[in-house]
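Please look over the sequence and the model before reading on. The paragraphs that follow go from a pair of charged side chains to the sheet and then back to other charged pairs.

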Amino acid sequence: MIDNCQPEFSVIIASYNRRQTLKLVLAKFREISFPSLEIIVVDNASMDNTTQVLKDKFKEVKLIRLEKNLGYEAYNIGLGVAKGKYIIMMDNDAFLKEDALQRLIKRFSDESDIDAIAMNIMIYGTNISETEGWQEDTPNFHGAAVAIRREVLDKVGGYDRDYFIMHTDLELATRILNRGYRIVYDDKIICYHLRSEKARLKTTSIYYSTRNAFFYYWKYYPLFYALQLSGREIIYGFMRGVREKSLYAYFKGLGDGIFSIPRTFKKRTPLKKEIYLRLRRYLDTYFREPLIRKVFSKLRSG
């Protein structure tokens, strides 16, 4: 799949105990006709024989086996060996439509001011887009798949290792924007998102989502808005904890998040005014606030 020259794209996939889904994803990549592509799978110490299956059936894939689960840090490890001019970081339950790479290379080549491209994430087998309504001038990308110029990642760094999982994409997108780079959303570049046979544990998701929200808010935003966002997170996380019967994970994440604020202050990187205003519009439109308004509206109406 790779010639002797520098590949145009390096696809990095981090995986943990999703052997069957990963096999399907890699088989789909074999159907893509593109001359300059490398695929890197970083296995987060899976216990389901993932590495042996890849060694036996997908010899063209560059495999990195970790000794323990490092979460999203696995992408940074993959980035350390990737050779592509453009990096595509993907979930292990997502794959690209056949023409996606050609569309990506055309946009990157034609528009030198584009530094990252967020894709249209379609639920496989349906007409449902997880990014429906996104505007081209987006301040974020969906974690199922994003394409970023290698030189940009070299300057801003990869995913924040403190997060492990959850809010990792928003944090990286924020860093990219704050350094003056541009992210666009292209609804014609499609990534299909599978329904994995093994979903992430709800307790794990709730814990990291709650904790990492405090990491993110207090690192980047003006204090009054960080406080407002934290209030939303407290309400949203509690509602989710009740709904999913995971209040222990919620309160643990809340406690760890609140107690992390002094440490996060040492890493504060205030946003440029224009970036703050863009992200505020985004967060107020899409992130937590709409659900909370809906809940309180129902409470007022009885």
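Does Arg 161 count as exposed or buried? In this predicted model, Arg 161 counts as exposed, because its relative accessibility is 63% and the cut-off for exposed is over 50%. The side chain of Arg 161 nevertheless meets that of Glu 73 in a salt bridge, at 3.3 Å from N to O. This pair links distant parts of the chain, since Arg 161 belongs to the loop between H5 and helix H6 (168-178), whereas Glu 73 belongs to helix H3, 88 residues apart. Glu 73 itself is buried, because its relative accessible area is 14% and buried means under 20%.

Glu 73 is one of the buried residues of helix H3 (residues 73-81), which also include Ala 74, Tyr 75, Asn 76, Gly 78 and Leu 79. The cover over these buried residues includes four strands, namely E1 (9-15), E2 (37-43), E3 (62-65) and E4 (86-90), together with helix H5 (150-156).

Among those strands, E1 is mostly covered, with 7 of its 7 residues buried. In a regular strand the side chains alternate between the two faces of the sheet. In E1, Phe 9, Val 11, Ile 13 and Ser 15 point one way, while Ser 10, Ile 12 and Ala 14 point the other way, and all are buried. E1 pairs with E2 in the parallel sense over 7 bridges, and within this pairing Ala 14 stands opposite Val 42 of E2. Between E1 and E2 the chain passes through helix H1 (residues 19-30), and this β-α-β crossover is right-handed. E1 also pairs in the parallel sense with E4, here over 5 bridges, and Phe 9 stands opposite Tyr 86 of E4.

These pairings belong to an open sheet of 8 strands with mixed pairing, in the order E3-E2-E1-E4-E7-E6-E8-E5. E3 and strand E5 (94-96) stand at the edges, where each has a single partner strand, so one side of each is left without a neighbour in the sheet. From one strand to the next the twist averages 30°. Where E4 meets strand E7 (residues 145-149), the pairing is antiparallel over 5 bridges, and Met 90 stands opposite Ala 145 in E7. Helix H1 packs on the sheet, touching E1, E2, E4 and E5, and its direction makes about 170° with that of E1. Helix H2 packs on the sheet as well, touching E2 and E3, with its direction at about 160° to that of E3. Thr 51 lies in H2 (residues 50-57) and is buried, with a relative accessible area of 15%; leaving aside neighbours within four places in sequence, Thr 51 is in contact with Asp 43, Leu 63 and Arg 65.

To return to the charged side chains, the count of salt bridges comes to 24. One of them joins Glu 171 and Arg 175, whose closest N and O atoms are 2.5 Å apart. Because Glu 171 and Arg 175 are 4 residues apart in helix H6, about one helical turn separates them. Glu 171 is buried at 1% relative accessible area, and Arg 175 is buried at 17%.

Another salt bridge, at 2.4 Å from N to O, brings together the side chains of Asp 284 and Arg 232. That pair links distant parts of the chain, with Asp 284 in helix H11 (residues 273-286) and Arg 232 in helix H8 (residues 223-243), 52 residues apart. Asp 284 is partly exposed at 23% relative accessible area, whereas Arg 232 is buried at 6%. Finally, salt bridges that share partners join Arg 107, Glu 111, Glu 136 and Asp 186 into one network.

Note on methods: Residues numbered from 1 in each chain as written. Predicted model: local features only at pLDDT ≥ 70, side-chain atom pairs only at ≥ 80, totals over all residues. Heavy atoms only, no water. Buried < 20%, exposed > 50% of the residue type's maximum accessible area, 1.4 Å probe, protein only. Helix = DSSP H or I, 4+ residues; strand = E, 2+ residues; numbered from the N terminus. Contact = heavy atoms within 4.5 Å. Pairing = 2+ DSSP bridges. Right-handed = clockwise from strand over helix to strand, strands pointing away. Axes fitted to C-alpha atoms, helices over the stretch in contact; angles between N-to-C directions. Salt bridge = Lys/Arg side-chain N within 4 Å of Asp/Glu carboxyl O.
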